[in-house]
Amino acid sequence: MKIILCTFPNEKDARHVANILLEEEIVACVQIQGPIQSIYKWNGKMVCEEEWKISLKAKDENVERAHQIVLKKHTYENPQWIVINATGSKAYEDWVAEK
């Protein structure tokens, strides 16, 4: 099972991508958090922006498919995409595997 972290510039975009991933059964669950403050350097400048973070729960074989959808729908030039190997209870992992 994988947990994938990605940020969006606003709640609307985060929900739009979450809905696509859920409707196409690419992920089992999406949690949306925000607003959060992200501070980073981009093109040599310090940036502080409000963002919305989504946490996706997916089976291993759906990670690349989810990534392609995020890249296609995202407004950022280089969206955050962090994939974490995760273990959970057998019942939860079985539920994720069904999606």
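# Briefing: strands, helix and core

β1 and β3 run antiparallel and are joined by seven bridges. The model is predicted. β3 also pairs with β2, again in the antiparallel sense, over 12 bridges. The largest nonpolar core has 20 residues, and α1 gives the largest share of it, five residues.

**Strand pairing**

- β1 covers residues 2-8 and β3 covers residues 45-58.
- Within the β1 and β3 pairing, F8 has W52 of β3 as its bridge partner.
- β1 is also joined to strand β4, residues 82-85, by four bridges. These two strands run antiparallel.
- Across that pairing, I3 stands opposite I84 in β4.
- Six of the seven residues of β1 are buried, so the strand is largely enclosed by the rest of the structure.
- In the pairing of β2 with β3, Q31 has S55 of β3 as its bridge partner.
- In a regular strand, side chains alternate between the two faces of the sheet.

**The β2 and β3 hairpin**

- β2 and β3 form a hairpin, with two residues between them.
- N43 sits in the turn of this hairpin. Its phi is positive, about 50 degrees, although N43 is not a glycine.
- N43 counts as exposed because its relative accessibility is 67%, over the 50% cut-off.

**Helix α1**

- α1 spans residues 11-23.
- What span should the 13 residues of α1 have at 1.5 Å a residue? The expected value is 18 Å, and the end C-alpha atoms are 18 Å apart, which agrees.
- The buried residues of α1 are A14, V17, A18, I20 and L21.
- Seen down the helix axis, these buried residues fall within an arc of 160 degrees, so they line one face of α1.
- That buried set packs against β1, β2, β3 and α2.
- K12 and E23 are exposed on the other side of α1.

**Nonpolar core**

- Which residues have the most contacts inside the largest nonpolar core? They are F8, L21, V27, I54, L56, V70 and W81.
- The elements that give two or more residues to this core are β1, α1, β3 and α2. Of these, α2 covers residues 63-73.
- Five core residues come from α1, the largest share.
- L56 is one of the residues with the most contacts inside the core. Leaving aside its neighbours within four places in sequence, L56 is in contact with K2, I3, I4, L21, V27, C29, V30 and W81.
- Among the partners of L56 are L21, V27 and W81, which are also listed with the most contacts inside the core.
- L21 is one of the buried residues of α1.

**Aromatic pair**

- The count of aromatic pairs comes to one.
- Y92 and W95 form this pair. The rings are 5.5 Å apart, centre to centre.
- Are the rings stacked, tilted or edge-to-face? The planes lie 45 degrees apart, and the pair is tilted.
- Why are Y92 and W95 separated by about one helical turn? They are three residues apart in helix α3, residues 90-98.
- Y92 is partly exposed, with a relative accessible area of 31%. W95 is partly exposed too, with a relative accessible area of 31%.

**Backbone details**

- The peptide bond from G34 to P35 is cis. Its omega is near -5 degrees.
- P35 is found in strand β2, residues 29-42.
- E25 has a positive phi near 55 degrees and is a residue other than glycine.
- Where does E25 lie? It is in the loop between α1 and β2.
- E25 is exposed because its relative accessible area of 52% is over the 50% cut-off.
- N43 lies in the loop between β2 and β3.

Key: Residues numbered from 1 in each chain as written. Predicted model: local features only at pLDDT ≥ 70, side-chain atom pairs only at ≥ 80, totals over all residues. Heavy atoms only, no water. Core = buried A, V, L, I, M, F, W, Y, C linked by side-chain atoms within 4.5 Å. Buried < 20%, exposed > 50% of the residue type's maximum accessible area, 1.4 Å probe, protein only. Contact = heavy atoms within 4.5 Å. Phe/Tyr/Trp six-rings, centres within 6.5 Å; stacked < 30°, edge-to-face > 60°. Pairing = 2+ DSSP bridges. Expected span 1.5 Å × (residues − 1). Arc of directions from axis to C-beta.
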